[in-house]
Amino acid sequence: MRLPERMFALLLLASSAWTVHADPIDLKPFKITFTAEWKGISAATSILELQKSGPDTWTFATINTPRGLFRMALPDSLTQMSTFRIVDGRVMPLSFRGADEKERPIDLNFDWQRKHVTGTAKDHPVDIEIPDDAQDPMSLQIASLRSLAKGTVQPTVSLVDGDGKLKEFELKQEGTARLDTALGTLDTIIYTSRRAGSDRVTRTWVAPALGYLPVRAERLKGKKTEFTLKIDSVDR
């Protein structure tokens, strides 16, 4: 895989691994625009958006669009989207749609009666058993925000990823920091997420003044920063 493709693949993983924090009772739509930087170069625009899609359903999506020279090596845009509902206070994903950096489709459906996820992921059929708390890469963020809103961080979560495989992710709160952003200087809370056993970590800064929405994130492999996301604007 060429380096720009690798960066964009990691961008998809990181943007769908953030924990977005908002009102745990009354979810409200929002749209956040970020700039993705790779080795100090502006490489892509990343949009994170929550929308009401039905009387009791929501969609949560990330859209990544390459900039400049990266447009020559990557698709015009890549999207990952979850449709979910909240039942008895629990986030229940219904479907996950998207594609990877090679434009291979991901189409997963959650059957909660059978407790199975079926569909296709990157040209492979999927049919796996899931636990009661399973999430997809996007619905996981909404489930995590509800936990964080109560002042707790769930240490491990079950995730059906874009490969159609069930994996464990680990979350950890690191501390606080005052951060200069395009929206001004903000007090933030820092936390990390990583797949269990992986040396890749996503570190995220969320701003309580903005309803705990993310304002910065970075993906690290060991001590090396692979890319950074910085907020440009927010619409709520």
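## Starting with a pair of strands

Let's begin in the middle of the chain: strand β7 and strand β8 (residues 124-129) run antiparallel to each other and share 6 bridges. One spot to look for along this pairing is Thr118, which stands opposite Asp127 in β8. The hairpin that links β7 and β8 has 2 residues between the strands, and Lys122 in this hairpin takes a positive phi near 55 degrees.

Now look at the other partner of β7. Strand β6 (residues 105-111) pairs with strand β7 (residues 116-121), again in the antiparallel sense, over 6 bridges. Here Leu108 has Gly119 in β7 as its bridge partner. The hairpin of β6 and β7 has 4 residues between the strands, and in this one Lys115 is the residue with a positive phi near 55 degrees.

## Stepping back to the whole chain

What you're looking at is a predicted model. The protein chain holds 2 helices and 14 strands. It has 236 residues, and 51% of them count as buried.

If you take the contacts between residues at least 6 apart in sequence, 44% of them join residues at least 24 apart. As for the outside, the accessible surface of the chain comes to about 11200 Å², with 48% of that belonging to carbon and sulfur atoms.

## Into the nonpolar core

In soluble globular proteins, nonpolar side chains tend to be buried together. In this model, the largest nonpolar core has 39 residues, and those touching the most other members are Leu50, Phe60, Phe84, Leu108, Ile142 and Val215. Strand β1 (residues 30-38) gives this core its largest share, 4 residues.

Leu108 turns up again here, so to speak, as one of the core residues that touch the most other members. Who does it meet, once neighbours within four places in sequence are left aside? Some of the contacts of Leu108 come earlier in the chain, namely Leu94, Ser95, Phe96 and Arg97. Others come later, including Val117, Thr118, Thr120, Ala121 and Val126. Further along still, Leu108 is also in contact with Val160, Asp161 and Gly164.

## A buried threonine

One last stop is Thr202, which you'll find in strand β12 (residues 200-207). Is Thr202 buried or exposed? With a relative accessible area of 1%, Thr202 falls under the 20% cut-off, so this residue counts as buried. The side chain of Thr202 also has company: a polar contact of 3.2 Å joins it to the side chain of Arg219.

Technical notes. Residues are numbered from 1 along each chain as its sequence is written. This is a predicted model: local features need pLDDT of at least 70, side-chain atom pairs count only at pLDDT 80 or more; totals for chains, interfaces and linings use all residues. Side-chain values use heavy atoms; hydrogens and water are left out. Buried means under 20% relative accessible area, exposed over 50%, partly exposed in between (1.4 Å probe, protein chains only). Contact means heavy atoms within 4.5 Å. Accessible areas come from the Shrake-Rupley method with a 1.4 Å probe; for residues, only the protein chains shown count as cover. Two strands pair if DSSP finds at least two bridges between them. A polar contact is a pair of N or O atoms within 3.5 Å; within protein, one must be able to donate a hydrogen and the other to accept it, and residues adjacent in sequence count only if both atoms are side-chain atoms. A nonpolar core is a set of buried Ala, Val, Leu, Ile, Met, Phe, Trp, Tyr and Cys residues joined through side-chain atoms within 4.5 Å.
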